[in-house]
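I opened a new page for this chain and wrote down what I looked up. The entries go element by element.

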Amino acid sequence: MSEQSTTPAYTKPLPDMRPEGDHFWAGTREHKLLLPTDAAGTPFWYPRALTPDTLEPVQWVESPGLGEVYTYSVHFIGPSKAYKGDPPHVVALIDLDEGVRMMSNLVKDEEGYPSIDPDDVSIGMRVRVVFHDVTDEITLPKFVAA
């Protein structure tokens, strides 16, 4: 007997899973935002096999997931047919309080994390991370107004 998925079917593209991001994605599945750091504990973004400049092993630290919108764009047409008919999506660069900048979607803090109204977004607005369980294996970090 096969196991039934408890998560509704997700039809959007999924991230390209690479070994250097395994810790990050394992963290998101536990609803934790893990950032890669160097040996001194200084975070950097994006996950890599070795730390920038020193080529030492990567360490990981949990982030509270708080930051602000550095900039954003409104996408009326998605990158694939899977987005056809969806409302506009807000894609933002988020400056986390730890000093790293990452890209993510801005959404409403509601079930299913629907797209936020672009009129409700501004540069500098405070945001916090939420975790959208899109499949049984993949949880995406997204951001809502703090």
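The entries below concern a predicted model.

**Entry 1: helix α1**

I started with α1, residues 22-29. I listed its buried residues and got Phe-24, Trp-25, Gly-27 and Thr-28. Looking down the helix axis, I found these residues within an arc of 155°, so they line one face of α1. I then asked which strands the buried residues of α1 pack against. The list I wrote down is β1, β2, β5, β6 and β7. Just after the helix I noted His-31, which has a positive phi of about 60°.

**Entry 2: the β6-β7 hairpin**

I turned to β6, residues 126-133, and its pairing with β7. The two strands run antiparallel and are joined by seven bridges. Five residues lie between them, and the pair forms a hairpin. For the register I noted one position: Val-129 in front of Phe-143, which belongs to β7. I also checked how covered β7 is, over residues 139-145. Six of its seven residues are buried, so I put the strand down as mostly covered, given that buried means under 20% relative accessible area.

**Entry 3: the largest nonpolar core**

The largest nonpolar core has 22 residues. I asked which of its members touch the most other members. They are Leu-33, Val-69, Ile-94, Leu-96, Leu-106, Val-127 and Phe-143. I next looked up which elements supply at least two residues each, and found α1, β1, β4, β5, β6 and β7. The most come from β4, which gives four residues.

I picked Ile-94 for a contact list, leaving out residues up to four places away in sequence. Ile-94 touches Glu-68, Val-69, Val-100, Arg-101, Met-102, Leu-106, Val-127 and Phe-143.

**Entry 4: salt bridges**

How many salt bridges does the model have? I counted six, and I wrote up three of them, as follows.

Arg-126 and Asp-97 meet through their side chains, with 2.9 Å from N to O. Arg-126 is in strand β6, while Asp-97 is in the loop between β4 and β5, so this salt bridge ties together parts that are 29 residues apart in sequence. Both ends are partly exposed: I read a relative accessible area of 36% for Arg-126 and 48% for Asp-97.

Asp-109 and Arg-128 form another, at 2.4 Å from N to O. Here Asp-109 belongs to the loop between β5 and β6 and Arg-128 to strand β6, so parts that are 19 residues apart in sequence are tied together. Asp-109 is partly exposed at 46% relative accessible area, and Arg-128 is partly exposed at 31%.

Glu-30 and Lys-32 make a salt bridge too, with the closest N and O atoms 3.5 Å apart. I asked whether Glu-30 is buried or exposed. Glu-30 is exposed, because its relative accessible area is 52% and the limit for that class is over 50%. Lys-32, at 31% relative accessibility, counts as partly exposed.

**Entry 5: Asp-38**

I located Asp-38 in the loop between β1 and β2. Its relative accessible area is 22%, which makes Asp-38 partly exposed. A polar atom of the Asp-38 side chain lies 3.0 Å from the backbone nitrogen of Ala-40. Leaving out residues up to four places away in sequence, I found that Asp-38 touches Phe-44, Thr-51 and Gln-59. As a separate distance check I took Gly-21, 17 residues from Asp-38 in sequence; the two C-alpha atoms are 15 Å apart.

**Entry 6: Asp-86**

The last residue I looked up was Asp-86. Where does Asp-86 lie? I found Asp-86 in the loop between β3, residues 66-75, and β4, residues 89-96. I put Asp-86 down as partly exposed, with a relative accessible area of 27%. The side chain of Asp-86 is joined to that of Lys-12 by a polar contact of 2.9 Å. I also took the C-alpha distance from Asp-86 to Leu-35, which is 31 Å, the two residues being 51 apart along the chain.

Methods: Residues are numbered from 1 along each chain as its sequence is written. This is a predicted model: local features need pLDDT of at least 70, side-chain atom pairs count only at pLDDT 80 or more; totals for chains, interfaces and linings use all residues. Side-chain values use heavy atoms; hydrogens and water are left out. Buried means under 20% relative accessible area, exposed over 50%, partly exposed in between (1.4 Å probe, protein chains only). A polar contact is a pair of N or O atoms within 3.5 Å; within protein, one must be able to donate a hydrogen and the other to accept it, and residues adjacent in sequence count only if both atoms are side-chain atoms. Two strands pair if DSSP finds at least two bridges between them. A salt bridge is a side-chain nitrogen of Lys or Arg within 4 Å of a carboxyl oxygen of Asp or Glu. A nonpolar core is a set of buried Ala, Val, Leu, Ile, Met, Phe, Trp, Tyr and Cys residues joined through side-chain atoms within 4.5 Å. Contact means heavy atoms within 4.5 Å. The arc is that of the directions from the helix axis to the C-beta atoms.
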